Amino acid sequence: MSMEPPPSMSAMSELKDVMRDLLQRGQFTDMEIHCQGITFPVHQAIVCTQSSYFHSAICDGFKESTEKAIHLQDETPATMERVLSFLYLREYSEDGHIVQYQPPSELAMPDNGSDSIIPENEAESPKPMNQAAFNNIEVFIAADKYGIIPLKTLATSKFSQWANANCSSPKFHEVVEKVMTSVPSHESILREVIADVISRHIFDQIQDPEIVHILDSFGCLGSLIIRKLVSNELVRRPNEDDIFRGLVQKINSARRCRHCLKDFNVRLIGREYFYEGFRCAACNTRN
């Protein structure tokens, strides 16, 4: 039985170039996405086959199915560019853009043969150090809204990498708050990432008053952190065998009560033995 050879790297690269060209130049498009004054010409066969939201809007008899145009009032062009980059290229830039777009006063993505609409020598304003994290959060929210599951997975991976690399940042608490206040409650995976990162750096994180304030405000995050501490074995159940061995050694090394000086007649109360504690039977002093 013959097996078809996998596509070569060259062939995959060429296909990616074709898809990039389709997205950047806007040729042969049959649908438009409008958001905040920006128009993205796109292809139904690419967009609607990967998004349940766009598929329903175009194919289920709504006004958009006639106009072949979808208006997204609450979406930013920056986030939409990243969504479209993924749909065409299976990737997006968390700290920039694969496809540049013009201000609302000009046409977006014209067919001018240029790979970059914005001049390369145009100075960019410095971005906050946590902007990449915010971008990944916005992409995750959009992917959930538009029913693009693989994009949610990619956004989660990128967010996790950022969180693990930047948890000591003085702006980390802003990212944590963004997740807790912006991500839909039915989606817990980004909160799981945050809880995992905080649990593994718990002694440093609890020194940040902003993190403590967030934990006070969002008890569900505190619960997740406790579960992570236990599941990652950062907090362990005491070993009773070790405790009893320590207790026996302590009893054998002390002959008299430190308070009444009488010879020991040991009394164990409650679970004090967990802390290798015992009491004098005569005066009830803990030793």
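Entry 1, the whole chain. I began with contacts, and I noted that residues 24 or more positions apart account for 59% of the contacts in the protein with a separation of 6 or more. I should record early that this is a predicted model, and that I am reading computed values from it throughout. I then looked up the elements of the fold and found 13 helices and five strands in the protein. Of its 287 residues, 40% count as buried, and the accessible surface comes to about 16,700 Å², of which 52% belongs to carbon and sulfur atoms.

Entry 2, the strands. I turned to strand E1, which covers residues 31–35, and found that this strand is mostly covered, since four of its five residues are buried. With which strand does E1 pair in the antiparallel sense? The partner is strand E2, residues 38–42, and I noted five bridges between the two. Within this pairing, isoleucine 33 has phenylalanine 40 of E2 as its bridge partner. The hairpin of E1 and E2 has two residues between the strands, and there I noticed that glutamine 36 takes a positive phi near 50°. I also checked the burial of E2, and because four of its five residues are buried, E2 is largely enclosed by the rest of the structure.

E1 has a further neighbour in strand E3, residues 69–71, and here the two strands run parallel and are joined by three bridges. In this pairing I found histidine 34 opposite histidine 71 of E3.

Entry 3, the cysteines. How many disulfides does a search of the whole structure find? I wrote down zero. Cysteine 48 is accordingly in no disulfide, and the nearest cysteine sulfur, that of cysteine 59, is 5.4 Å away; because a disulfide is counted for sulfur atoms within 2.5 Å, I did not list this pair as one. Cysteine 48 is buried, with a relative accessible area of 6%. I looked up cysteine 35 as well, and at 1% relative accessibility this residue also counts as buried, because the cut-off for buried is under 20%.

Entry 4, the core. I looked next for the largest nonpolar core, which has 63 residues, and I noted that Phe54, Met80, Phe159 and Phe172 are those with the most contacts inside it. Helix H6, residues 131–145, gives the largest share of this core, with nine residues. Where does the core lie with respect to the domains? Domain 1 (15–100 + 129–164) and domain 2 (167–236) both give residues to the core, so it lies between them. I kept a general remark beside this entry, that in soluble globular proteins nonpolar side chains tend to be buried together.

I then followed phenylalanine 172, leaving aside residues up to four places away in sequence, and found that it touches a set of residues including Trp162, Ala163, Ile194, Val197, Ile198 and Ile211. The same list holds Asn166 and Gln205.

Entry 5, positive phi values in loops. Phenylalanine 28 has a phi near 60°, a positive value in a residue other than glycine. I located phenylalanine 28 in the loop between helix H1 (9–25) and E1. Is phenylalanine 28 buried or exposed? I recorded phenylalanine 28 as exposed, because its relative accessible area is 72%. Arginine 90 likewise is not a glycine, and its phi is positive at about 65°. The place of arginine 90 is the loop between helix H5 (77–89) and H6, and at 43% relative accessibility arginine 90 counts as partly exposed.

Entry 6, pairs far along the chain. I finished with two residues whose C-alpha distances I had looked up. Serine 188 sits in the loop between helix H8 (172–182) and helix H9 (189–200), and counts as partly exposed at 33% relative accessibility. Serine 188 and leucine 224 are 36 residues apart in sequence, while their C-alpha atoms are 9.9 Å apart in space. Isoleucine 226 lies in helix H12, residues 219–231, and counts as exposed because its relative accessibility is 53%. Its C-alpha atom is separated by 9.6 Å from that of aspartate 196, although isoleucine 226 and aspartate 196 are 30 residues apart along the chain.

Technical notes
Residues numbered from 1 in each chain as written. Predicted model: local features only at pLDDT ≥ 70, side-chain atom pairs only at ≥ 80, totals over all residues. Heavy atoms only, no water. Buried < 20%, exposed > 50% of the residue type's maximum accessible area, 1.4 Å probe, protein only. Pairing = 2+ DSSP bridges. Core = buried A, V, L, I, M, F, W, Y, C linked by side-chain atoms within 4.5 Å. Domains from an automatic or database assignment. Contact = heavy atoms within 4.5 Å. Areas by Shrake-Rupley, 256 points an atom, 1.4 Å probe, with all protein chains shown as cover.
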